[in-house]
Amino acid sequence: MEMTLRWYGSKFDTVTLQQIRQIPGVTGVITTLYDTQPGELWEQERIHALKEEVAASGLHISGIESVNIHDDIKTGLGRRDEYIDNYIKTLENLGKEDIHMVCYNFMPVFDWTRTELARVLPDGSTALAYTQEAVDALDPEKMFESIAGDMNGTVMPGWEPERMARVKELFALYKDVDDEKLFANLKYFLEAIMPVCNKYDINMAIHPDDPAWSVFGLPRIIINEENILRMMHMVDDVHNGVTFCSGSYGTNLKNDLPHMIRSLKGRIHFAHVRNLKFHSPTNFEEAPHVSACGSFDMYEIVKALYDIGFTGPIRPDHGRSIWGEVAMPGYGLYDRALGATYIQGLWEAIEKGAIRK
Ligand SMILES: [Mn+2]
């Protein structure tokens with residue numbers, strides 16, 4: 001594995017490349033052209049400039065999170081073929097710049113969903129949190145307003161104001177899209193992009209839906225082992241793989257995370273490692289990475305990744321806000337740096353334990 005950190009680019013991130021470089025063991029960043037819209041073609045010059053900027057700091061680009069998918073592709077409507085064509089050209093340009101991993105998701109309307117961005121924990125730190133009760137009480141059109149005030153002046157991925165202004169329209173677009181249709185549209189997309197992925201050896205890594213169940217009655221399919229295996233088999237190509245995100249699959253306590261990792265051997269191209277603390281099955285917060293601080297056995301999660309021979313980029317996922325840092329919720333420097341160090345400690349212990357047996 002390679003330890004990485006997500007970075008939104010110098011115009012958008014409160015964390016600098018120099019700070020990331022100083023986290024022990026972190027050698028790469030997972031980044032994006034944050035000011036592009038879904039469906040837009042990424043010009044090679046812009047990718048090249050980003051690559052040069054990262055290289056100048058002594059780091060490199062380990063992958064892209066995300067190249068977002070236009071709603072016409074997810075719904076199978078309108079200008080889908082044109083947007084798929086742009087996606088193929090974008091992948092080609094990434095390949096030419098020697099970038100070989102792309103994370104994306106296939107979630108309708110709302111990206112990841114939390115109901116609090118700054119739940120205060122007993123130690124005074126704050127974390128993102130979710131309760132089903134809060135979602136059930138909310139008009140989906142008010143979802144954006146309800147969290148926008150807590151974003152610390154940042155634009156959060158998947159919650160771009162321009163997109164959220166069209167929520168009503170987006171809901172109408174997905175009116176006739178059920179799970180089966182969403183699967184079919186995903187298949188259509190994957191089949192169209194596999195040739196360029198094979199040509200440039202680009203690993204596509206679908207991110208799970210978060211939380212891993214339907215919200216506001218919208219279909220969500222990347223939620224459990226059964227569905228993810230279905231997705232892999234319907235386009236059976238090694239480049240059609242997954243981002244294993246422990247914090248997203250883990251929202252559903254029925255998901256056995258180490259077992260899922262083992263069943264996805266050879267197809268996990270990217271890993272997000274994060275712990276959650278549950279107060280009830282539908283009320284949880286994002287906990288510090290350490291096993292003792294949350295509900296997951298992080299040793300077993302990292303051990304499963306080690307056991308399947310995972311060699312891709314890994315990153316600590318959302319962190320809490322600690323030590324007075326003001327940053328994009330979930331994406332401050334300090335708690336993620338602690339997470340990166342902890343995960344590397346687990347990995348080293350597992351690796352040395354295996355070798356010395
Ligand atoms: Mn994730």
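Start by selecting helix α10, residues 225-234, in this predicted model. Its buried residues are Ile228, Met231 and Met232. These three lie on the same side of α10, because the arc they cover around the axis is only 95°. Residues three or four places apart in an α-helix point the same way, since there are 3.6 residues a turn. Now turn to the other side of α10, where Glu226 and His233 are exposed.

To see what lies over the buried residues of α10, add α9 (179-200), β7 (203-207) and β8 (240-245), which are among the elements covering them.

Keep β7 and β8 selected and add the rest of the barrel. Eight strands form a closed barrel in the order β1-β2-β3-β4-β7-β8-β9-β12, and their pairing is parallel. From one strand to the next the twist averages 30°.

For one strand pair in detail, show β8 with β9 (residues 268-273): they pair in the parallel sense over four bridges. Phe244 has Ala271 of β9 as its bridge partner.

Next, select helix α2, residues 44-56. Helix α2 packs on the sheet and touches β2 (28-31) and β3 (60-65). The direction of α2 makes about 135° with that of β3.

Finally, zoom out to the whole protein chain, which has 14 helices and twelve strands. The C-alpha trace spans about 55 × 50 × 40 Å along its principal axes. Its radius of gyration is 19 Å, which agrees with the value near 21 Å for a compact globule of 357 residues. Of those 357 residues, 43% count as buried. Among contacts with a separation of 6 or more, 74% join residues 24 or more positions apart.

Key
Residues numbered from 1 in each chain as written. Predicted model: local features only at pLDDT ≥ 70, side-chain atom pairs only at ≥ 80, totals over all residues. Buried ≥ 20, exposed ≤ 12 C-beta atoms within 10 Å, placed from the backbone. Helix = DSSP H or I, 4+ residues; strand = E, 2+ residues; numbered from the N terminus. Arc of directions from axis to C-beta. Contact = placed C-beta atoms within 7 Å. Rg over C-alpha atoms; globule rule 2.2 N^0.38 Å. Pairing = 2+ DSSP bridges. Axes fitted to C-alpha atoms, helices over the stretch in contact; angles between N-to-C directions.
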